[in-house]
Amino acid sequence: MPPIAPLDADLLIEARWILPMNEGLPVLENHAIAIESGRLLGPWPIDEAHKRVVAKRKLRLKNHALLPGLINAHNHAGMSLMRGYADDLPLMTWLNEHIWPAEAAHVTPDFVADGTRLAMAEMLLSGTTTFSDMYLAPEPVAVAVEQFGMRAQLCTPLIDFPTPWASDFSAGLERTVALSGRYHNHPMINLAYGPHAPYTVGDDSLARLIEARAQLGLPIQMHVHETADEVEQALSKHGKRPIRRLYEAGLLGPHFQAVHVTQVDDEDLTILSDSDTHVIHCPQSNLKLASGFCPVDRLQSAGVNVALGTDGAASNNDLDMFDELKSAALIAKAVSGDAAALPAMAALAMATRDGAKALGMSQRRGQLVEGFDADLIAVDLDAINTLPLHHPASAIVYAMHSRQVSHVWINGKLRVDEGQLVDIDINELKRMAHAYQQTMSLPGQPGEAP
């Protein structure tokens, strides 16, 4: 049998560990993976990789773990300019008395684009390569995403009252059609419908959304069962819980991404499982707004796919997915009363493979396997806080700081090198953020202009 001809590659990365997040969740020691034209080759043991690949460049990461780029499945990236703007308040007070008035006063397309750029820099430095965004100006966000070389699912803002993007729900659907035509089959940007929540979207709008989805086939992301009060108000108004109402409207299914889901009774669980609806868990935002606890262990045990998101920086207050997955793992144990709930590798899966599944990207992203998009990150585990290192997944989930992210590649292109952003002026982003701090300050706040 003739020898196998070696493959050409742009880059061969040799690492102490690779966590490919594929079937069985293995940990590969002393393996290498290659990048060629934005796709992955391998992985193989390092000695075998040298026989399999002829690479233009090689990178040896002797103390590092490689894993898929993290997927932040729910964010309001433009709200990073509202970080710390209205803290320590319950959800509806936070929304009605602070956030929505601030948005009315300050939000413009430029505001959203600037906030998104700030958010993307933070996400890149902490290992996120793909994010789902639900905010008020998707067109300038799409431009910013292309500039930063990230991947994004943009959820078009749909709500039953005027926003800076559309006069009403129907107008938002019309604008979604136009945006879909522009970004159809885009390599870095996917679109989704983003109806805000059951309490801001009436039955007529839900019916229009069903018709619109039949036309474009886009997924749907929506805040659902975020608080107990939301559920109680729905029972009073509609005589049914929101999940039941959405199910009867024909909205739930494998295309539906239900965000938060802190309130789950037995019927809710059955509906979510039977419909193959995805749940997106945002633990730190739920903690900060005292919204409740998503029962991750119950959901996963029932076969529900659960992904992970940060929510926006106005309610978190950071976009650090490593911090988020640690919180998710710890909360799952406390909520279930089971220390074995959501172990380290399962938490990493929520932030990678399961996030890709929720966003409809699982055929190309979320795993380090042959043929997948070259979206991957390296984390340096040779730090005081991660030593001694008995298991890399445990170190990553329970001990690592996101500042240990050393490299980030998206579509095979280096976006973070030795912990520094590539082709992004971080000082300019800081100057921009300081300027907004001055113009947005409330009386008596530290950032108030003199």
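This report covers the annotated domain, selected strands and helices, the salt bridges and a surface patch of a predicted model.

## Domain annotation

An unreviewed UniProt entry lists residues 66–414 as "domain: Amidohydrolase-related". Over residues 66–414, helix accounts for 43% of the chain and strand for 17%. The C-alpha atoms at the two ends of that range are 14 Å apart.

## Strands β5 and β6, helix α4

Strand β5 covers residues 70–75, and six of its six residues are buried. It runs parallel to strand β6 (residues 128–134), and four bridges join the two strands. One residue pair can be named here: Ile71 has Thr130 in β6 as its bridge partner.

Helix α4 spans residues 138–148. Its buried residues are Pro138, Glu139, Val141, Ala142, Ala144, Val145 and Phe148. After α4 comes Gly149, which has a positive phi near 70 degrees.

## Salt bridges

Side chains of opposite charge can pair when their charged atoms come close. With a cut-off of 4 Å between a side-chain nitrogen of Lys or Arg and a carboxyl oxygen of Asp or Glu, the count comes to 22 salt bridges.

Arg60 and Glu14 form a salt bridge through their side chains, at 4.0 Å from N to O. Arg60 belongs to strand β4 (residues 53–68) and Glu14 to strand β1 (residues 7–18), so this pair ties together parts that are 46 residues apart in sequence. Arg60 counts as partly exposed because its relative accessibility is 43%, whereas Glu14 counts as buried because its value is 9%.

Another salt bridge joins Arg83 to Glu122, with the closest N and O atoms 3.0 Å apart. This pair links distant parts of the chain, since Arg83 sits in the loop between β5 and α2 (91–106) and Glu122 in helix α3 (residues 109–125), 39 residues apart. Arg83 has 35% relative accessibility and therefore counts as partly exposed.

## A pair within one helix, and a network

Glu248 and Arg244 also form a salt bridge, and their closest N and O atoms are 3.7 Å apart. Both residues lie in helix α8 (residues 242–248), separated by four residues, about one turn of the helix. Glu248 counts as partly exposed, with a relative accessibility of 46%. Arg244 is partly exposed as well, with a relative accessible area of 21%.

Salt bridges can also link several residues in a network, as they do for Arg39, Arg151, Arg364, Arg365, Asp373 and Asp375.

## Nonpolar surface patch

Leu287, Phe293 and Val335 make up a nonpolar patch on the surface. Together the three residues have about 260 Å² of accessible area. Leu287 is part of helix α10 (residues 283–288). Its relative accessible area is 42%, which means that Leu287 is partly exposed.

## Thr227 and its surroundings

Phe293 of the patch can be placed relative to Thr227: the C-alpha atoms of the two residues are 9.2 Å apart in space, while the residues are 66 apart in sequence. Thr227 is located in the loop between β9 (220–224) and α7 (228–238). Thr227 counts as buried because its relative accessibility is 13%. When neighbours within four places in sequence are left aside, the residues in contact with Thr227 are Leu91, Thr262, Gln263 and Ser291.

Methods: Residues are numbered from 1 along each chain as its sequence is written. This is a predicted model: local features need pLDDT of at least 70, side-chain atom pairs count only at pLDDT 80 or more; totals for chains, interfaces and linings use all residues. Side-chain values use heavy atoms; hydrogens and water are left out. Patches are made of residues with over 30% relative accessible area and no salt bridge: like charges are joined within 9 Å, nonpolar side chains (Val, Leu, Ile, Met, Phe, Trp, Tyr) within 5 Å. Accessible areas come from the Shrake-Rupley method with a 1.4 Å probe; for residues, only the protein chains shown count as cover. Buried means under 20% relative accessible area, exposed over 50%, partly exposed in between (1.4 Å probe, protein chains only). UniProt positions are given in the numbering used here, feature names are shortened, and annotations may be inferred rather than shown by experiment. Contact means heavy atoms within 4.5 Å. Two strands pair if DSSP finds at least two bridges between them.
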